[in-house]
2 protein chains.
Amino acid sequence: MQNLKGKAPRTASSKKPSAGPAVDKVDTAYLQTLMGYNARRAALSIIELFLERLAPYGLKPVDFSVMSTIQHNPGVTSRQLCATLNLLPPNLVGLIQSLESRGLIERKPHPHDGRAVGLHATPKGQALMVQAEQTASDLEIEKTAKLTPIQRKTLLALLQKIYL
Amino acid sequence: MQNLKGKAPRTASSKKPSAGPAVDKVDTAYLQTLMGYNARRAALSIIELFLERLAPYGLKPVDFSVMSTIQHNPGVTSRQLCATLNLLPPNLVGLIQSLESRGLIERKPHPHDGRAVGLHATPKGQALMVQAEQTASDLEIEKTAKLTPIQRKTLLALLQKIYL
DNA sequence: TATTGTTATACTCTATAACTATA
DNA sequence: TATAGTTATAGAGTATAACAATA
(Lines give C-alpha, C1' and ligand atoms only; values in the text may rest on other atoms or scores of the structure.)
Protein backbone atom coordinates (compact mmCIF):
# COMPACT_ATOMS: atom_id res chain seq x y z
CA MET A 1 0.00 0.00 0.00
CA GLN A 2 0.91 3.62 -0.39
CA ASN A 3 2.29 5.78 2.36
CA LEU A 4 -0.86 7.38 3.67
CA LYS A 5 -0.05 10.30 5.87
CA GLY A 6 -2.50 12.10 8.04
CA LYS A 7 -5.37 14.29 6.89
CA ALA A 8 -3.49 17.24 5.52
CA PRO A 9 -0.08 16.35 4.08
CA ARG A 10 2.40 19.11 4.54
CA THR A 11 4.92 20.36 2.10
CA ALA A 12 8.05 18.27 1.93
CA SER A 13 11.13 19.58 3.66
CA SER A 14 12.62 22.40 1.62
CA LYS A 15 16.31 23.09 1.45
CA LYS A 16 17.91 26.27 0.24
CA PRO A 17 15.46 28.48 -1.65
CA SER A 18 18.03 29.86 -4.07
CA ALA A 19 18.96 26.42 -5.40
CA GLY A 20 15.85 24.29 -5.33
CA PRO A 21 16.47 20.64 -4.59
CA ALA A 22 15.74 17.95 -7.12
CA VAL A 23 12.64 15.97 -6.28
CA ASP A 24 13.40 12.28 -6.19
CA LYS A 25 9.86 10.97 -5.90
CA VAL A 26 6.77 13.09 -6.47
CA ASP A 27 4.37 13.12 -3.56
CA THR A 28 0.71 13.00 -4.60
CA ALA A 29 -0.73 12.13 -1.20
CA TYR A 30 -3.10 15.09 -1.14
CA LEU A 31 -4.54 14.60 -4.62
CA GLN A 32 -5.16 10.97 -3.75
CA THR A 33 -7.58 12.09 -1.04
CA LEU A 34 -9.80 13.69 -3.70
CA MET A 35 -12.58 11.56 -5.17
CA GLY A 36 -12.74 13.61 -8.36
CA TYR A 37 -9.04 13.11 -9.03
CA ASN A 38 -9.10 9.37 -8.38
CA ALA A 39 -12.32 8.78 -10.31
CA ARG A 40 -10.99 10.68 -13.31
CA ARG A 41 -7.63 8.89 -13.29
CA ALA A 42 -9.34 5.51 -13.00
CA ALA A 43 -11.83 6.35 -15.75
CA LEU A 44 -9.08 7.55 -18.13
CA SER A 45 -7.05 4.43 -17.41
CA ILE A 46 -9.96 2.21 -18.43
CA ILE A 47 -10.95 4.39 -21.39
CA GLU A 48 -7.41 4.17 -22.74
CA LEU A 49 -7.76 0.41 -23.13
CA PHE A 50 -11.37 0.79 -24.23
CA LEU A 51 -10.32 2.95 -27.20
CA GLU A 52 -7.82 0.32 -28.27
CA ARG A 53 -10.08 -2.72 -27.93
CA LEU A 54 -13.23 -1.14 -29.38
CA ALA A 55 -11.45 0.52 -32.33
CA PRO A 56 -12.13 -2.55 -34.55
CA TYR A 57 -15.85 -1.90 -34.04
CA GLY A 58 -15.50 1.76 -34.97
CA LEU A 59 -16.91 2.73 -31.58
CA LYS A 60 -15.60 5.31 -29.16
CA PRO A 61 -16.93 5.49 -25.59
CA VAL A 62 -19.78 7.86 -26.42
CA ASP A 63 -20.75 5.93 -29.56
CA PHE A 64 -20.74 2.76 -27.50
CA SER A 65 -22.94 4.14 -24.73
CA VAL A 66 -25.39 5.57 -27.28
CA MET A 67 -25.59 2.33 -29.28
CA SER A 68 -25.92 0.25 -26.11
CA THR A 69 -28.75 2.45 -24.82
CA ILE A 70 -30.58 2.25 -28.15
CA GLN A 71 -30.08 -1.51 -28.24
CA HIS A 72 -31.59 -1.97 -24.80
CA ASN A 73 -34.29 0.67 -25.31
CA PRO A 74 -35.79 0.32 -28.81
CA GLY A 75 -37.60 3.48 -29.85
CA VAL A 76 -35.73 5.76 -27.46
CA THR A 77 -35.54 9.40 -28.61
CA SER A 78 -32.54 11.66 -28.95
CA ARG A 79 -33.85 13.80 -26.13
CA GLN A 80 -34.03 10.80 -23.83
CA LEU A 81 -30.49 9.79 -24.79
CA CYS A 82 -29.23 13.25 -23.93
CA ALA A 83 -30.93 13.25 -20.54
CA THR A 84 -29.79 9.72 -19.73
CA LEU A 85 -26.16 9.99 -20.85
CA ASN A 86 -25.68 13.68 -19.98
CA LEU A 87 -25.07 14.74 -23.58
CA LEU A 88 -26.04 17.97 -25.33
CA PRO A 89 -28.49 17.69 -28.26
CA PRO A 90 -26.28 19.45 -30.83
CA ASN A 91 -23.44 17.05 -30.11
CA LEU A 92 -25.67 14.03 -30.57
CA VAL A 93 -26.90 14.95 -34.06
CA GLY A 94 -23.72 14.09 -35.95
CA LEU A 95 -23.25 10.98 -33.87
CA ILE A 96 -26.72 9.66 -34.71
CA GLN A 97 -26.27 10.51 -38.39
CA SER A 98 -22.98 8.60 -38.42
CA LEU A 99 -24.49 5.51 -36.82
CA GLU A 100 -27.41 5.65 -39.27
CA SER A 101 -25.19 6.04 -42.32
CA ARG A 102 -23.24 2.99 -41.15
CA GLY A 103 -26.47 1.01 -41.09
CA LEU A 104 -26.29 0.38 -37.35
CA ILE A 105 -29.50 2.20 -36.38
CA GLU A 106 -32.79 3.20 -37.98
CA ARG A 107 -34.97 6.26 -37.33
CA LYS A 108 -38.70 5.63 -37.18
CA PRO A 109 -41.50 8.13 -36.55
CA HIS A 110 -42.57 8.36 -32.95
CA PRO A 111 -46.06 6.89 -32.37
CA HIS A 112 -47.38 9.69 -30.20
CA ASP A 113 -45.17 12.72 -30.88
CA GLY A 114 -44.70 14.02 -34.39
CA ARG A 115 -41.66 16.05 -33.37
CA ALA A 116 -39.72 13.11 -31.96
CA VAL A 117 -37.98 10.27 -33.74
CA GLY A 118 -37.63 6.77 -32.33
CA LEU A 119 -34.21 5.15 -32.62
CA HIS A 120 -33.83 1.42 -33.26
CA ALA A 121 -30.79 -0.82 -33.69
CA THR A 122 -30.75 -2.67 -37.01
CA PRO A 123 -29.93 -6.40 -37.06
CA LYS A 124 -26.44 -5.37 -38.14
CA GLY A 125 -26.23 -2.93 -35.25
CA GLN A 126 -27.54 -5.51 -32.82
CA ALA A 127 -25.01 -8.09 -33.93
CA LEU A 128 -22.21 -5.54 -33.63
CA MET A 129 -23.26 -4.55 -30.11
CA VAL A 130 -23.45 -8.14 -28.87
CA GLN A 131 -19.79 -8.47 -29.78
CA ALA A 132 -18.85 -4.96 -28.62
CA GLU A 133 -20.47 -5.36 -25.22
CA GLN A 134 -18.68 -8.66 -24.68
CA THR A 135 -15.38 -7.03 -25.63
CA ALA A 136 -16.05 -4.11 -23.29
CA SER A 137 -17.01 -6.34 -20.39
CA ASP A 138 -13.91 -8.49 -20.89
CA LEU A 139 -11.65 -5.45 -21.03
CA GLU A 140 -13.12 -4.07 -17.84
CA ILE A 141 -12.60 -7.32 -15.95
CA GLU A 142 -9.01 -7.31 -17.18
CA LYS A 143 -8.47 -3.69 -16.17
CA THR A 144 -9.90 -4.28 -12.69
CA ALA A 145 -8.00 -7.51 -12.15
CA LYS A 146 -6.61 -6.25 -8.84
CA LEU A 147 -10.14 -6.19 -7.43
CA THR A 148 -12.03 -9.18 -6.11
CA PRO A 149 -15.53 -9.69 -7.55
CA ILE A 150 -16.98 -8.39 -4.30
CA GLN A 151 -14.73 -5.33 -4.33
CA ARG A 152 -15.71 -4.69 -7.93
CA LYS A 153 -19.39 -4.85 -7.09
CA THR A 154 -18.84 -2.56 -4.10
CA LEU A 155 -16.96 -0.05 -6.23
CA LEU A 156 -19.75 0.11 -8.81
CA ALA A 157 -22.38 0.66 -6.13
CA LEU A 158 -20.39 3.39 -4.38
CA LEU A 159 -19.69 5.27 -7.62
CA GLN A 160 -23.39 5.26 -8.43
CA LYS A 161 -24.12 6.80 -5.06
CA ILE A 162 -22.13 9.83 -6.24
CA TYR A 163 -23.61 10.60 -9.64
CA LEU A 164 -27.08 9.06 -9.48
CA MET B 1 -21.00 21.93 -17.57
CA GLN B 2 -24.32 20.71 -18.80
CA ASN B 3 -27.34 22.94 -18.76
CA LEU B 4 -30.08 20.39 -19.14
CA LYS B 5 -33.20 20.60 -17.09
CA GLY B 6 -33.44 17.73 -14.66
CA LYS B 7 -36.89 16.83 -15.87
CA ALA B 8 -38.00 13.25 -15.90
CA PRO B 9 -39.59 11.76 -19.01
CA ARG B 10 -43.27 12.57 -19.26
CA THR B 11 -46.21 10.17 -19.27
CA ALA B 12 -46.97 9.69 -15.63
CA SER B 13 -49.68 7.27 -16.64
CA SER B 14 -48.64 3.67 -16.13
CA LYS B 15 -48.77 2.02 -19.52
CA LYS B 16 -47.58 -1.39 -20.57
CA PRO B 17 -44.03 -1.30 -22.00
CA SER B 18 -45.27 -3.36 -24.96
CA ALA B 19 -47.88 -0.81 -25.89
CA GLY B 20 -45.65 0.83 -28.47
CA PRO B 21 -42.15 1.81 -29.53
CA ALA B 22 -42.20 4.75 -27.13
CA VAL B 23 -39.79 4.26 -24.20
CA ASP B 24 -41.22 5.16 -20.83
CA LYS B 25 -38.10 4.88 -18.72
CA VAL B 26 -34.63 4.42 -20.18
CA ASP B 27 -32.89 1.27 -18.98
CA THR B 28 -29.17 1.73 -18.32
CA ALA B 29 -28.62 -1.50 -16.41
CA TYR B 30 -25.86 -2.73 -18.70
CA LEU B 31 -23.84 0.49 -18.75
CA GLN B 32 -24.02 0.55 -14.97
CA THR B 33 -22.04 -2.71 -14.88
CA LEU B 34 -19.09 -0.97 -16.56
CA MET B 35 -16.44 0.54 -14.31
CA GLY B 36 -15.31 3.02 -16.97
CA TYR B 37 -18.83 4.38 -17.43
CA ASN B 38 -19.50 4.75 -13.71
CA ALA B 39 -16.09 6.22 -12.93
CA ARG B 40 -16.44 8.77 -15.73
CA ARG B 41 -19.96 9.78 -14.71
CA ALA B 42 -18.93 10.13 -11.06
CA ALA B 43 -15.82 12.13 -11.99
CA LEU B 44 -17.78 14.50 -14.25
CA SER B 45 -20.37 14.99 -11.55
CA ILE B 46 -17.72 16.07 -9.07
CA ILE B 47 -15.80 18.15 -11.61
CA GLU B 48 -18.96 20.08 -12.46
CA LEU B 49 -19.15 21.38 -8.90
CA PHE B 50 -15.35 21.75 -8.78
CA LEU B 51 -15.42 24.16 -11.73
CA GLU B 52 -18.02 26.28 -10.00
CA ARG B 53 -16.40 26.41 -6.57
CA LEU B 54 -12.80 26.85 -7.76
CA ALA B 55 -13.62 29.50 -10.38
CA PRO B 56 -13.01 32.32 -7.84
CA TYR B 57 -9.42 31.07 -7.55
CA GLY B 58 -9.00 31.01 -11.33
CA LEU B 59 -8.17 27.32 -11.16
CA LYS B 60 -9.54 24.53 -13.32
CA PRO B 61 -8.97 20.87 -12.38
CA VAL B 62 -5.66 20.56 -14.24
CA ASP B 63 -4.37 23.90 -12.93
CA PHE B 64 -5.31 22.80 -9.45
CA SER B 65 -3.56 19.45 -9.65
CA VAL B 66 -0.44 21.07 -11.10
CA MET B 67 -0.34 23.80 -8.45
CA SER B 68 -1.01 21.30 -5.68
CA THR B 69 1.78 19.02 -6.88
CA ILE B 70 4.22 21.95 -7.10
CA GLN B 71 3.16 23.13 -3.65
CA HIS B 72 3.85 19.72 -2.09
CA ASN B 73 6.98 19.05 -4.17
CA PRO B 74 9.10 22.23 -4.34
CA GLY B 75 11.56 22.06 -7.21
CA VAL B 76 9.60 19.49 -9.20
CA THR B 77 10.24 19.64 -12.94
CA SER B 78 7.75 19.87 -15.80
CA ARG B 79 8.75 16.41 -16.94
CA GLN B 80 7.98 14.98 -13.50
CA LEU B 81 4.63 16.73 -13.47
CA CYS B 82 3.76 15.20 -16.83
CA ALA B 83 4.69 11.71 -15.70
CA THR B 84 2.86 12.06 -12.39
CA LEU B 85 -0.36 13.66 -13.64
CA ASN B 86 -0.43 11.93 -17.04
CA LEU B 87 -0.10 15.15 -19.02
CA LEU B 88 1.71 15.81 -22.30
CA PRO B 89 4.65 18.24 -22.20
CA PRO B 90 3.32 20.57 -24.91
CA ASN B 91 0.06 21.00 -23.04
CA LEU B 92 1.84 21.88 -19.82
CA VAL B 93 3.89 24.75 -21.27
CA GLY B 94 1.11 27.30 -21.53
CA LEU B 95 -0.29 26.24 -18.20
CA ILE B 96 3.04 26.82 -16.43
CA GLN B 97 3.51 30.17 -18.18
CA SER B 98 0.06 31.25 -17.07
CA LEU B 99 0.68 30.30 -13.45
CA GLU B 100 4.04 32.10 -13.55
CA SER B 101 2.60 35.28 -15.09
CA ARG B 102 0.00 35.28 -12.32
CA GLY B 103 2.78 35.22 -9.76
CA LEU B 104 1.73 31.87 -8.32
CA ILE B 105 4.91 29.96 -9.16
CA GLU B 106 8.58 30.65 -9.83
CA ARG B 107 11.00 28.87 -12.13
CA LYS B 108 14.49 28.30 -10.76
CA PRO B 109 17.46 26.57 -12.37
CA HIS B 110 17.78 22.90 -11.56
CA PRO B 111 20.78 22.21 -9.29
CA HIS B 112 22.08 19.21 -11.20
CA ASP B 113 20.57 19.36 -14.69
CA GLY B 114 21.02 22.44 -16.84
CA ARG B 115 18.19 21.38 -19.13
CA ALA B 116 15.58 21.13 -16.42
CA VAL B 117 13.80 23.88 -14.49
CA GLY B 118 12.60 23.55 -10.91
CA LEU B 119 9.12 24.82 -10.15
CA HIS B 120 8.29 26.49 -6.83
CA ALA B 121 5.11 27.99 -5.43
CA THR B 122 5.47 31.64 -4.44
CA PRO B 123 4.10 32.83 -1.09
CA LYS B 124 1.12 34.15 -3.04
CA GLY B 125 0.68 30.77 -4.72
CA GLN B 126 1.04 28.95 -1.41
CA ALA B 127 -1.58 31.12 0.24
CA LEU B 128 -3.93 30.58 -2.68
CA MET B 129 -3.51 26.82 -2.59
CA VAL B 130 -4.16 26.57 1.14
CA GLN B 131 -7.55 28.12 0.48
CA ALA B 132 -8.15 26.24 -2.78
CA GLU B 133 -7.36 22.85 -1.27
CA GLN B 134 -9.71 23.50 1.61
CA THR B 135 -12.46 24.50 -0.85
CA ALA B 136 -11.82 21.40 -2.94
CA SER B 137 -11.86 19.08 0.06
CA ASP B 138 -15.09 20.65 1.34
CA LEU B 139 -16.77 20.33 -2.05
CA GLU B 140 -15.80 16.69 -2.30
CA ILE B 141 -17.23 15.85 1.09
CA GLU B 142 -20.41 17.60 0.05
CA LYS B 143 -20.57 15.76 -3.25
CA THR B 144 -20.01 12.38 -1.59
CA ALA B 145 -22.48 13.04 1.20
CA LYS B 146 -24.30 9.79 0.49
CA LEU B 147 -21.18 7.87 1.50
CA THR B 148 -20.11 7.12 5.04
CA PRO B 149 -16.51 8.07 5.94
CA ILE B 150 -15.59 4.39 5.77
CA GLN B 151 -17.26 3.96 2.39
CA ARG B 152 -15.47 7.03 1.13
CA LYS B 153 -12.11 5.69 2.25
CA THR B 154 -12.91 2.33 0.67
CA LEU B 155 -13.87 3.96 -2.60
CA LEU B 156 -10.62 5.93 -2.78
CA ALA B 157 -8.54 2.81 -2.13
CA LEU B 158 -10.41 0.74 -4.72
CA LEU B 159 -10.10 3.42 -7.40
CA GLN B 160 -6.37 3.59 -6.81
CA LYS B 161 -6.10 -0.14 -7.34
CA ILE B 162 -7.30 0.48 -10.90
CA TYR B 163 -5.03 3.27 -12.11
CA LEU B 164 -1.98 2.98 -9.89
C1' DT C 1 -45.76 29.17 -25.40
C1' DA C 2 -42.91 24.93 -24.87
C1' DT C 3 -40.39 21.08 -26.83
C1' DT C 4 -37.77 18.09 -30.46
C1' DG C 5 -34.41 18.06 -33.55
C1' DT C 6 -31.30 20.71 -36.07
C1' DT C 7 -27.53 24.10 -37.89
C1' DA C 8 -23.75 26.94 -37.18
C1' DT C 9 -20.12 28.12 -34.47
C1' DA C 10 -16.84 29.00 -30.77
C1' DC C 11 -14.20 27.34 -27.16
C1' DT C 12 -11.57 23.88 -24.72
C1' DC C 13 -8.96 19.80 -24.38
C1' DT C 14 -5.83 16.55 -26.23
C1' DA C 15 -2.44 14.70 -29.50
C1' DT C 16 1.64 14.73 -32.87
C1' DA C 17 5.78 16.41 -35.17
C1' DA C 18 9.72 19.00 -34.93
C1' DC C 19 12.95 22.29 -33.03
C1' DT C 20 16.80 24.07 -29.14
C1' DA C 21 19.89 23.37 -25.66
C1' DT C 22 21.83 20.61 -22.65
C1' DA C 23 23.40 15.84 -20.96
C1' DT D 1 22.45 9.70 -29.02
C1' DA D 2 19.07 10.80 -25.49
C1' DT D 3 16.40 13.98 -22.65
C1' DA D 4 13.94 18.62 -20.96
C1' DG D 5 11.53 22.16 -22.54
C1' DT D 6 9.37 24.50 -26.20
C1' DT D 7 6.65 25.79 -30.61
C1' DA D 8 3.18 25.16 -33.91
C1' DT D 9 -0.73 22.91 -35.22
C1' DA D 10 -4.31 19.48 -35.98
C1' DG D 11 -8.02 16.85 -34.17
C1' DA D 12 -11.51 15.67 -30.83
C1' DG D 13 -14.60 17.03 -27.30
C1' DT D 14 -17.86 20.34 -25.34
C1' DA D 15 -20.38 24.65 -25.14
C1' DT D 16 -24.15 28.39 -26.48
C1' DA D 17 -27.46 30.76 -29.63
C1' DA D 18 -30.90 30.42 -32.85
C1' DC D 19 -34.07 28.30 -36.14
C1' DA D 20 -38.19 25.18 -38.15
C1' DA D 21 -41.67 21.81 -37.19
C1' DT D 22 -44.77 20.12 -33.89
C1' DA D 23 -47.15 19.92 -29.34
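Of the atoms of DNA strand C within 4 Å of the protein, what share belongs to sugar or phosphate, and what share to bases?

1. The model is predicted. Of the DNA strand C atoms that lie within 4 Å of the protein, 57% are part of sugar or phosphate, and the rest are part of bases.

2. The protein residues around DNA strand C number 20. The closest come from both chains: R40(A), R79(A) and R107(A) on one side of the list, N91(B) and R115(B) on the other. By class, this surface is made up of eight charged, seven nonpolar and five polar residues.

3. Individual polar pairs involve both phosphate and base atoms. The side chain of Q97(A) places an N or O atom 3.4 Å from a phosphate oxygen of DNA strand C. For K60(B), a side-chain N or O atom is 3.3 Å from a phosphate oxygen of that strand. A base oxygen of DNA strand C is approached by R115(A), with a polar side-chain atom at 2.9 Å.

4. Three helices each supply at least two residues of the surface near DNA strand C: α3 (78-85) and α4 (89-101) of chain A, and α4 (89-101) of chain B. The greatest share comes from α4(A), which gives four residues.

5. The two chain A helices named above also pack on each other. The axes of α3(A) and α4(A) are 10 Å apart, at an angle of about 115°, and the crossing is right-handed. From α3(A), residues S78(A), R79(A), L81(A) and C82(A) meet P89(A), L92(A) and I96(A) of α4(A). This helix contact has five nonpolar residues, one polar and one charged. R79(A) thus appears twice in this note: in the contact with α4(A) and among the closest residues to DNA strand C.

6. How are the two protein chains related? A turn of 180° with a shift of 0.0 Å along the axis lays chain A on chain B with an RMSD of 0.1 Å. This is the relation of a two-fold axis. Within chain A, A39(A) has the C-alpha nearest the axis, at 2.6 Å. Both copies use the same surface, and 86% of the contact residues of chain A recur in chain B.

Definitions and conventions. Residues numbered from 1 in each chain as written. Chains lettered and ligands numbered in written order. Predicted model: local features only at pLDDT ≥ 70, side-chain atom pairs only at ≥ 80, totals over all residues. Heavy atoms only, no water. Least-squares fit on C-alpha atoms with pLDDT ≥ 70 in both. Contact = heavy atoms within 4.5 Å. Near = heavy atom within 4 Å. Polar contact = N/O pair within 3.5 Å; in protein donor to acceptor, adjacent residues only side chain to side chain. Nonpolar A, V, L, I, M, F, W, Y, C, P; charged D, E, K, R; others polar. Axes fitted to C-alpha atoms, helices over the stretch in contact; angles between N-to-C directions. Left-handed = near helix turned anticlockwise from the far one by under 90°.
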